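Hi,

Here is the structure I promised to pass on. Have a look at it first, and then read my notes underneath.

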Amino acid sequence: MQYFPEFLKRLGGKAFDHGTAHYVHDFGAAALWLPPDMPLDEEAIGALFQETLSAKRQEQAWSVLEQVDNYHPNEPFWYLPAIGADPTQQRRGSGSALMKHALATCDEEDTLAYLESSNPQNISLYVRQGFEILGTIHGDTMPPLIPMLREPQA
């Protein structure tokens with residue numbers, strides 16, 4: 001948990017540069033979306049892994065990222081690396097509002113939306129928004145990640 005904020009910054013921080021970091025309720029909930037064809041900064045993520053993880057944990061982390069790459073669509077897609085809500089704002093529709101806002105752009109652009117869920121409780125939110133489960137990514141000591149894809153809606 002100590003390094004998670006830095007990991008999140010390196011994973012989805014470019015959303016701030018592109019105006020695709022969205023929030024509701026005075027930052028009670030937020031979502032970081034990366035536009036199509038914006039590659040992850042694997043160099044910055046790798047540097048963080050080297051600074052903070054043991055060699056064994058680095059190997060596991062790279063294995064998970066490799067598995068994630070296998071699920072990424074071959075055509076342009078919007079990527080949701082992070083969405084979250086303050087515990088006081090959970091179960092109040094904040095996640096749905098954030099998703100609907102970004103997915104409207106996906107639909108207007110006729111572009112896929114993709115995410116990996118690390119929280120099984122969020123799967124129903126994503127399914128309600130039109131996402132389909134693609135599989136499950138396992139790491140030795142990490143919780144499973146569920147890659148999900150949403151086709152643009154007419």
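Below is what I found, starting with the sheet and moving on to a few single residues and a pocket.

One thing to keep in mind throughout: this is a predicted model.

**The sheet**

The core piece to look at is an open sheet of 6 strands, with mixed pairing. Going across it, the order is S1-S2-S3-S4-S6-S5. Strand S1 (21–24) and strand S5 (132–133) are the edges, each pairing on one side only. Helix H5 (residues 94–109) packs on this sheet and touches S1, S2, S3, strand S4 (112–117) and strand S6 (146–150). The direction of H5 makes about 25° with that of S2.

As a general reminder, strands of a sheet pair through backbone hydrogen bonds, either parallel or antiparallel. Here, S1 and S2 pair in the antiparallel sense, over 4 bridges. Strand S2 (residues 29–34) is also antiparallel to strand S3 (residues 77–85), this time over 5 bridges.

You can follow a path across these three strands residue by residue. Tyr23 stands opposite Ala30 in S2, and Ala30 in turn stands opposite Gly84 in S3. Elsewhere on the S2 and S3 pairing, Leu34 has Tyr79 as its bridge partner.

How are the two faces of S1 divided? His22 and Val24 make up the covered face, while Ala21 and Tyr23 sit on the uncovered one. S2 is mostly covered, with 5 of its 6 residues buried.

**The loop between S1 and S2**

Gly28 lies in this loop. Is Gly28 buried or exposed? It counts as buried because its relative accessibility is 8%, and the cut-off for buried is under 20%. Beyond its neighbours within four places in sequence, Gly28 is in contact with Ala85, Asp86 and Gln89. Glu66 is another matter: it is 38 residues from Gly28 along the chain, and their C-alpha atoms are separated by 32 Å.

**From H5 into S4**

Asp110 is found in the loop between H5 and S4. Asp110 is not a glycine, yet has a positive phi of about 55°. Asp110 also counts as exposed, at 60% relative accessibility.

Now move on to Leu112, which lies in strand S4. With a relative accessible area of 3%, Leu112 is buried. What does Leu112 touch, leaving aside its neighbours within four places in sequence? The list is Pro73, Glu75, Pro76, Phe77, Trp78, Cys106, Leu149, Arg150, Glu151 and Pro152. Take Pro76 from that list: Leu112 and Pro76 are 36 residues apart in sequence, but 6.9 Å apart in space, C-alpha to C-alpha.

**The helices H3 and H4**

In helix H3 (residues 42–52), the residues Ala44, Ile45, Gly46, Leu48 and Phe49 are buried. An α-helix has 3.6 residues a turn, so residues three or four places apart point the same way. What covers the buried residues of H3 includes helix H1 (4–12) and H4.

Helix H4 (residues 55–71) is also where you will find Gln60. Gln60 is buried, with a relative accessible area of 8%. Not counting residues up to four places away in sequence, Gln60 touches Asp140, Thr141 and Met142.

**A pocket**

Last, the second largest pocket. About 220 Å³ of space lies in it. Of the 14 residues that line this pocket, Met38, Pro39, Leu40, His72 and Phe77 are the closest to its centre. What kinds of residue make up the lining? There are 9 nonpolar, 1 polar and 4 charged residues. You have met Phe77 already, as one of the contacts of Leu112.

If you open it up yourself, the path from Tyr23 to Ala30 and then from Ala30 to Gly84 is a handy place to begin. After that, I would go to Leu112 in S4 and its contacts, among them Pro76 and Phe77.

Cheers

Notes. Residues numbered from 1 in each chain as written. Predicted model: local features only at pLDDT ≥ 70, side-chain atom pairs only at ≥ 80, totals over all residues. Heavy atoms only, no water. Pairing = 2+ DSSP bridges. Contact = heavy atoms within 4.5 Å. Axes fitted to C-alpha atoms, helices over the stretch in contact; angles between N-to-C directions. 1 Å grid on protein atoms, 1.4 Å probe; cavity = no way out; pocket = protein on both sides within 12 Å on 5 of 7 lines; lining within 4 Å. Points joined across faces, edges and corners; volume = space filled by probe spheres on them. Nonpolar A, V, L, I, M, F, W, Y, C, P; charged D, E, K, R; others polar. Buried < 20%, exposed > 50% of the residue type's maximum accessible area, 1.4 Å probe, protein only.
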